Amino acid sequence: MKILLIRHAESSNNVLSAKIKEEVKATFGTQTQRWKQEYKHAYQLVRSSDPDLSEVGVQQAASMGRFVANYLQDLNKEAVIFTSGMQRAILTAKPLSLAIGTKMAIRRDLHEVGGVYASREGKSGIVHSEERSATREEFTKKFGDIIGDVSDLPESGGWYTLGHKEDKAQAAARAGRVCNWLISKELRDSIGNKVCIIVSHGAFMDFIVKTLLLCGSQEILKTTATFAPINTSITEMEFDSKDTQHINITLGNAKHLAICPSPSRSPPLAFFAGLVCGVASALTLVALMGRRTSK
């Protein structure tokens, strides 16, 4: 079974994060850890709980959609598409969904680490609280042309039901559940020979990859290795249909970004960024596999 795990395209939060980071670095320098603290504080207060795509993100999603559609055509295979309930993931999958004529299914457990939450200044620092998330009816009304399955969502109320900001231990446990689903006979039987495409989020993809390699949510909280996929990069996983303990993983393919530059990145540099991401991911994979096999 072949799985394509894709990070969402550049969001308005990604643009905002980069802007704040540069401003804070210019003010405080990078010689101490203070800039990281100041950046985190400033960003949390202005981030959106469910951001849209940036203009560059829209271009990235279109480029990725064409790339994956051509890839599926070369394989002569159909696909199923799963996305998180966050609109940046849905909007990233939209061009691909339209290109291959396949509506996507929303899975609420594919969301970014932290979930849907708001932040405000408290007496002793940043305070996080629950933020409203979209309902089944709202998804169908807004994205009815591309969403075909909302059966995983609650029948009433918003899709994010944790009620507070998710912590890393909860996210790691969720990654474990998602990985169990990925290797399950239930999924294999439901999609048959189709390629399984999942559009999710950077930090949660890091948790998924490390869970598959380290075999446990507790292990991934201990390691300092990090898989950091860039926007719309594609991680390909292939499981042996008879033995799901064997998995081939290709991390962070971003060749399609060579024809989708950002305002500050020329096409050659965009390709180079994808190449660097792949090399860094390969080194991370080696580190993780070393940890796993050394036990």
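In this predicted model, arginine 107 sits over the face of tryptophan 181, at 3.9 Å from the ring centre. A second arginine is placed over a ring: arginine 47 lies over the face of tyrosine 117, at 4.1 Å from the ring centre.

Aromatic rings also meet one another. Three aromatic pairs are present in the structure. Tyrosine 39 and tyrosine 43 form a stacked pair, because their planes are at 15° and planes under 30 degrees apart count as stacked. The centres of these two rings are 5.9 Å apart. Tyrosine 39 and tyrosine 43 both belong to helix H2, which spans residues 34-46. Because they are four residues apart in that helix, about one helical turn separates them. Both tyrosine 39 and tyrosine 43 are buried.

Tryptophan 159 and tyrosine 160 make an edge-to-face aromatic pair. Here the distance is 5.8 Å centre to centre, with 75° between the planes. Tryptophan 159 is buried, and tyrosine 160 is buried too.

Histidine 201 occupies the loop between strand S7 (195-200) and helix H8 (202-214). Its relative accessibility is 0%, so histidine 201 counts as buried, the cut-off being under 20%. With neighbours within four places in sequence left aside, the contacts of histidine 201 include two histidines, His8 and His111. Arg7 and Arg88 also touch histidine 201. The remaining contacts of histidine 201 are Ser84, Met86, Ala89, Leu110 and Glu112.

Key
Residues are numbered from 1 along each chain as its sequence is written. This is a predicted model: local features need pLDDT of at least 70, side-chain atom pairs count only at pLDDT 80 or more; totals for chains, interfaces and linings use all residues. Side-chain values use heavy atoms; hydrogens and water are left out. Helices (H or I, at least four residues) and strands (E, at least two) are DSSP runs, numbered from the N terminus. Buried means under 20% relative accessible area, exposed over 50%, partly exposed in between (1.4 Å probe, protein chains only). Contact means heavy atoms within 4.5 Å. Rings of Phe, Tyr and Trp (its six-membered ring) pair if their centres lie within 6.5 Å; planes under 30 degrees apart count as stacked, over 60 as edge-to-face and the rest as tilted. A charge sits over a ring if NZ of Lys or CZ of Arg is within 6 Å of the ring centre and within 35 degrees of the ring normal.
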